[in-house]
Amino acid sequence: MIIVLIIAAVVSGVIGSLEGEGITDTIIIMIVIIANAIIGVAQECKAEKSLEALQKLSSHTAKVIRNGNQLVLPSKELVPGDIVILDTGDYVPADIRLIDAINLKIQESALTGESVPSEKQVEKVEEDVGIADRTNIAFSSSLVTYGRGKGIVVETGMNTEVGKIAEIISTATKEETPLSKKLNKLGKILGVAALVICIIIFFIGIAYGKEPLSMFMTAVSLAVAAIPEGLAAVSTIVLAIGVQRMVKKHAIVKKLPAVETLGCTTVICSDKTGTLTQNKMTVKKVFWNGKLELVEDIKEKDDELKRLVYTSMLCNDTKVGKDNVLIGDPTETALVDMGFKLDFDPSKFDQIPRINEIPFDSERKLMTTVNKEGESYIVYTKGGIDELLAKCDRYVENGNINRVDKDFINKIDEINDDLATGALRVLAMAYKELDHKPTESEMKEIEQNLIFIGLVRNDRPTKD
C-alpha cells in the first residue's frame, strides 16, 4: 500500500506540473505517508525504550570466586572456569556444573516445562540424558528457589541451553499477521486495478480522437483518485490506539501488528499448575497451647506463640530483601510472612544468629538450626508431623512443659486431620535449649528430646 501511494504521489506531481495545477495532491499524499511512518516508528520506539528499561532492571550480577577472592561481577563477564556461588533468590548466570549443593532447588520451568523446582545434587549423571535429568547442572536464566550451592561455569551466552533456544527463535521465519496479508493483497489489487484503468481510459480516449498526452494525464488522474491514501494511516492509528489500551493494562507491545494478532485470538489454553495460582503460600491457621486459630484472629501473643513464630522464621532459609520482599521457597516465605503479620521484629534475625544447621532432607522431612540467643543456644526444628513427633518427648502448653503421652499424640493426629483437609500443607514446630554450643558429634543426635510447640497450615491462594 505504501509503495502504491508513493508511486501515486510521484505520478500526481508529474501530472500537476505538466497541467499547471501544482503538486498539491502530491504534498497531501506524502503528508499521509510521513504521518503513517511517524506514528508507527514513534510507537515502536516507545516500546523499545520500555523494553530496554526492563532489561536494565533485570540485568543480573553473579558472585564469583577468582584468585581466591569473592567478587560480584555482571553476568556477561563470566567465562568458562569461573566458580560461581548460588544462594536462594539468585538467577543462574550461566550453565554451571555443581560442585556443592546444600538442599539446592532451582526453578527450570522455561527449559523443562515443570513448574515444580528441580532438586540438584553434585553426583555424576548418565551421558545423553534430557535437560530435566541433568540434576548436577544449574542452567542459565533459571532461579534458585531454595538452598545454596557452588559450581564451575561450563557454558556462557549463546552456548547455554537457553541460548540455544534464543538462537532458534531468532532464526525463525517471520510470519505476517492477517491484517498485513489483507493490506498487501489490497495494495496489489489496487495497483493492478489502477494500471488497468489507465490503459482502458487511455485507449478509449484515443479511439474517440483525443490527444494522447491529454488522455494519459486523465487516465493517470483517475488511477490516483482510486487509491485510498488514508487507509494506511487509519490502520496504523487504530493499531496505535490498541497499543495504548494495552499499556493501560500493563502490557508492552513491541510491534504494532501484534495488537491485531492478539485481537484475533479467541481461545487461550493453559494448564493449571503454576498458572492459576500465585506461586506463593500463606499461613491460614495456627495450633498452639491446645487451641486452633486463624492467623488474622490472633490477638494475644503469649510466650508459646512467640516461640512458634521464632521457630518458623529462624529455622528458615528465606531471605528478606528490600522493603521486606521475601525471597525463597513458597512454603518458607509463608512462615516469615506470618511472623511479619504477628509483628515479629526482623532484627531478631541478627539478634539470634544461626551457628549450625541440618538442612532439610526429603527422607528425614525435617530441618534443624542451632541459634545463639544471648549466652544460650536454642535448637529449632520444623517438618512433617509424624517425623517431628517421633523426635519429641515433651510439649509446652500454657507455660508448662509436659511429657508426650498417647492422649497428646491422638489429639495432635485429630488436629492434623482437620488441618490437612483439602490436601493443604501442615508443618510441625519444636525446640529445645542447650547450655553450650553443640559439637559436630553432638549435631548428629541434635534432633532428639525436642519440645513440641505447635502446628501451622499453609494455603495456596489463587489468582482473581
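Two strands are said to pair when DSSP finds at least two bridges between them. The close-up views below all come from a predicted model.

**Figure 1. Strand 4 and strand 7 run antiparallel.** Ten bridges, written 10 in the count, join strand 4 to strand 7, which spans residues 143–155. One position is shown in detail: L98 has G151 of strand 7 as its bridge partner. In a regular strand, side chains alternate between the two faces of the sheet.

**Figure 2. Strand 4 also pairs with strand 6 and with strand 5.** The pairing of strand 4 with strand 6 is antiparallel and rests on two bridges. Here the bridge partner of I96 is A138, which belongs to strand 6. Strand 4 and strand 5 likewise run antiparallel and are joined by two bridges. In this second pairing, K105 has E119 of strand 5 as its bridge partner.

**Figure 3. The surroundings of A101 in strand 4.** A101 counts as partly exposed because its relative accessibility is 23%, a value that is not under the 20% required for burial. The C-alpha atom of A101 is separated by 5.7 Å from that of Q121, although the two residues are 20 places apart along the chain. When residues up to four places away in sequence are set aside, A101 touches K120, Q121, V122, R148 and G149.

**Figure 4. The salt bridge between K120 and E108.** The closest N and O atoms of this pair are 2.6 Å apart. K120 lies in the loop between strand 5 (118–119) and strand 6 (137–138), whereas E108 lies in the loop between strand 4 (95–107) and helix 3 (109–112). The pair links distant parts of the chain, its residues being 12 residues apart. Both K120 and E108 are buried. K120 also appears among the residues that A101 touches.

**Figure 5. The salt bridge between D82 and R66.** The structure holds 14 salt bridges, and D82 with R66 forms one of them, with the closest N and O atoms 2.7 Å apart. This pair too links distant parts of the chain: D82 is in the loop between strand 2 (69–74) and strand 3 (83–87), and R66 is in strand 1 (residues 61–66), 16 residues apart. D82 counts as buried because its relative accessibility is 7%, whereas R66, at 25%, counts as partly exposed. Side chains of opposite charge can pair when their charged atoms come close.

**Figure 6. D317 and R354 meet in a salt bridge.** The N to O separation between the two side chains is 2.9 Å. D317 occupies the loop between helix 9 (303–314) and strand 10 (319–320), and R354 belongs to strand 12 (residues 354–361), so the pair ties together parts of the chain that are 37 residues apart in sequence. At 15% relative accessibility D317 counts as buried, while R354 counts as partly exposed at 29%. Salt bridges with shared partners join D317 and R354 with R148 and E357 into one network. R148 is also among the residues touched by A101.

**Figure 7. The largest nonpolar core, of 32 residues.** The residues with the most contacts inside this core are V283, V286, L308, M338 and V456. At least two of its residues come from each of strand 8 (282–288), helix 9, helix 10 (330–341), strand 14 (376–383), strand 17 (425–434) and strand 18 (450–459). Helix 9 gives the most, contributing six residues. Leaving aside neighbours within four places in sequence, V456 contacts V283, K285, V286, L308, L335, M338, R425, V426, L427 and M429. A second, separate core contains 25 residues, among them Y395, L434, M443 and L450.

**Figure 8. Helix 10 is mostly covered.** Of the 12 residues of helix 10, 10 are buried. The buried residues are P330, T331, E332, T333, A334, L335, V336, M338, G339 and F340. M338 is also one of the residues with the most contacts inside the largest nonpolar core. At 1.5 Å a residue, helix 10 should span 16 Å, which agrees with its end C-alpha atoms being 16 Å apart. Just after helix 10, D343 takes a positive phi of about 65°.

Technical notes: Residues numbered from 1 in each chain as written. Predicted model: local features only at pLDDT ≥ 70, side-chain atom pairs only at ≥ 80, totals over all residues. Heavy atoms only, no water. Salt bridge = Lys/Arg side-chain N within 4 Å of Asp/Glu carboxyl O. Helix = DSSP H or I, 4+ residues; strand = E, 2+ residues; numbered from the N terminus. Buried < 20%, exposed > 50% of the residue type's maximum accessible area, 1.4 Å probe, protein only. Contact = heavy atoms within 4.5 Å. Core = buried A, V, L, I, M, F, W, Y, C linked by side-chain atoms within 4.5 Å. Expected span 1.5 Å × (residues − 1).
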